[in-house]
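Dear colleague,

Please find below the structure that I am handing over to you, followed by an account of what was found in it. I should be grateful if you would read the two side by side.

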Amino acid sequence: MVKAVYKWLKMSVVVLLVLTGSGFSSKPSVHPLYISVTEMEYNAKDHSLEISCKVFTEDFEKGLAKANNAIVDMYNPGDKAILEKQISAYITSHLQIKADGKPLTLQYVGHELEEQSTWSYFQVTKMANVPKKIEIFSNLFYEMFDKQINIFHVMAGGTRKSTKLDYPATQTSFEF
């Protein structure tokens with residue numbers, strides 16, 4: 001079911017981009033869908049939680065610009081080190097995770113641009129056991145869009161669970 005929803009969502013995004021004239025240029029125009037997808041997976045081999053967050057680059061630039069009171073161009077950053085710090089600070093201030101009741105510290109790994117989207121990567125190391133409960137607080141882009149949807153896919157101990165938060169909801173949890 002999750003794969004079907006993901007395929008539908010991906011196709012919807014492509015159709016919306018075509019309908020709005022965004023195409024696949026390096027600098028897309030305004031889109032009518034405000035969505036993020038965050039994937040988390042517990043890596044038993046490395047005893048870590050791997051987190052990836054995919055957002056529209058245009059929305060990310062707006063969010064970073066608002067948070068830093070400066071123009072942000074992720075396609076052609078003036079200073080890549082500053083951009084990396086801005087990305088890390090924005091995501092970690094709008095996405096907090098607890099495992100078994102303990103707050104986790106997200107370590108920024110990096111980011112990459114993919115067409116009109118940006119993937120941001122984080123990890124949490126030294127997690128001895130598969131978490132039994134993961135709690136998420138997220139208000140990614142809520143300061144800008146009252147139609148924002150944040151989707152979460154969490155995998156732990158071989159079990160995958162998914163949910164979404166529609167603005168203004170900010171909290172969800174998964175039990176494994």
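**Ile 97 and the nonpolar cores**

Neighbours within four places in sequence set aside, Ile 97 is in contact with Met 40, Leu 49, Ile 51, Lys 102, Pro 103, Leu 104, Leu 106, Ile 134 and Glu 135. A second core, separate and made up of five residues, includes Leu 33, Ile 35, Phe 56 and Ile 151. Please note that the model is a predicted one.

Ile 97 also appears in the largest nonpolar core, which has 34 residues. Met 40, Leu 49, Phe 60 and Ile 97 are the residues with the most contacts inside that core. At least two of its residues come from each of β1 (35–43), β2, α2, α3, β3 (95–99), β6, β7 (133–138) and β8 (149–156). In soluble globular proteins, nonpolar side chains tend to be buried together.

**The six-stranded sheet**

Six strands form an open sheet with mixed pairing, in the order β5-β6-β2-β1-β8-β9. The edges are taken by β5 (107–114) and β9 (159–166); each has a single partner strand, so one side of each is left without a neighbour in the sheet. On average, and with direction ignored, neighbouring strands of this sheet are turned by 15° against each other.

Taking the pairings from the β5 edge, β5 and β6 are antiparallel and share seven bridges. Within this pair, Glu 112 stands opposite Trp 119 in β6. The two strands β5 and β6 form a hairpin with two residues between them, and Glu 115 in the turn has a positive phi of about 50°. β6 is mostly covered, with six of its eight residues buried.

On to the next pair: strand β2 (residues 48–56) and strand β6 (residues 117–124) are joined in the antiparallel sense by eight bridges. Glu 50 has Gln 123 in β6 as its bridge partner, and Ser 52 stands opposite Tyr 121 in β6.

Towards the β9 edge, β8 and β9 pair in the antiparallel sense, again with the bridges counted: there are eight. Phe 152 stands opposite Thr 163 in β9. A hairpin is formed by β8 and β9, with two residues between them; Gly 157 in its turn has a positive phi of about 60°.

One residue of β1 deserves a separate word. Ser 36 lies in strand β1 and counts as buried, because its relative accessibility is 0%. Neighbours within four places in sequence again set aside, Ser 36 is in contact with Lys 54, Val 55, Leu 140, Gln 148, Ile 149, Asn 150 and Ile 151. Ser 36 and Leu 165 are 129 residues apart in sequence, and their C-alpha atoms are 9.9 Å apart in space.

**The four-stranded sheet**

A further open sheet has four strands in the order β4-β3-β7-β10, with antiparallel pairing. Here β4 (102–103) and β10 (171–175) stand at the edges; each has a single partner strand, so one side of each is left without a neighbour in the sheet. β3 and β7 run antiparallel and are joined by five bridges. Ala 99 has Ile 134 in β7 as its bridge partner.

**Helices α2 and α3**

How do the two helices meet, and at what angle do they pack? Helix α2 (residues 57–68) and helix α3 (residues 80–94) pack at about 90°, their axes being 10 Å apart. The helix α2 is therefore roughly perpendicular to α3. On the α2 side, the contact is made by Phe 60, Gly 63, Leu 64, Ala 67 and Asn 68; on the α3 side, by Leu 83, Gln 86, Ile 87, Tyr 90 and Ile 91. Of the residues in this contact, seven are nonpolar, three are polar and none is charged. Phe 60 was named above for its contacts inside the largest nonpolar core.

α3 lies across strands of both sheets. In the six-stranded sheet, α3 lies across β2, β5 and β6 and runs at about 110° to β5. In the four-stranded sheet, α3 lies across β3 and β7 and runs at about 55° to β3.

Yours sincerely

Key: Residues are numbered from 1 along each chain as its sequence is written. This is a predicted model: local features need pLDDT of at least 70, side-chain atom pairs count only at pLDDT 80 or more; totals for chains, interfaces and linings use all residues. Side-chain values use heavy atoms; hydrogens and water are left out. Axes are lines fitted to C-alpha atoms, for helices over the stretch in contact, and angles run from 0 to 180 degrees between N-to-C directions. Angles under 35 degrees count as roughly parallel, over 145 as roughly antiparallel, 65 to 115 as roughly perpendicular and the rest as oblique. Contact means heavy atoms within 4.5 Å. Ala, Val, Leu, Ile, Met, Phe, Trp, Tyr, Cys and Pro count as nonpolar, Asp, Glu, Lys and Arg as charged, and the others, Gly among them, as polar. Two strands pair if DSSP finds at least two bridges between them. A nonpolar core is a set of buried Ala, Val, Leu, Ile, Met, Phe, Trp, Tyr and Cys residues joined through side-chain atoms within 4.5 Å. Buried means under 20% relative accessible area, exposed over 50%, partly exposed in between (1.4 Å probe, protein chains only).
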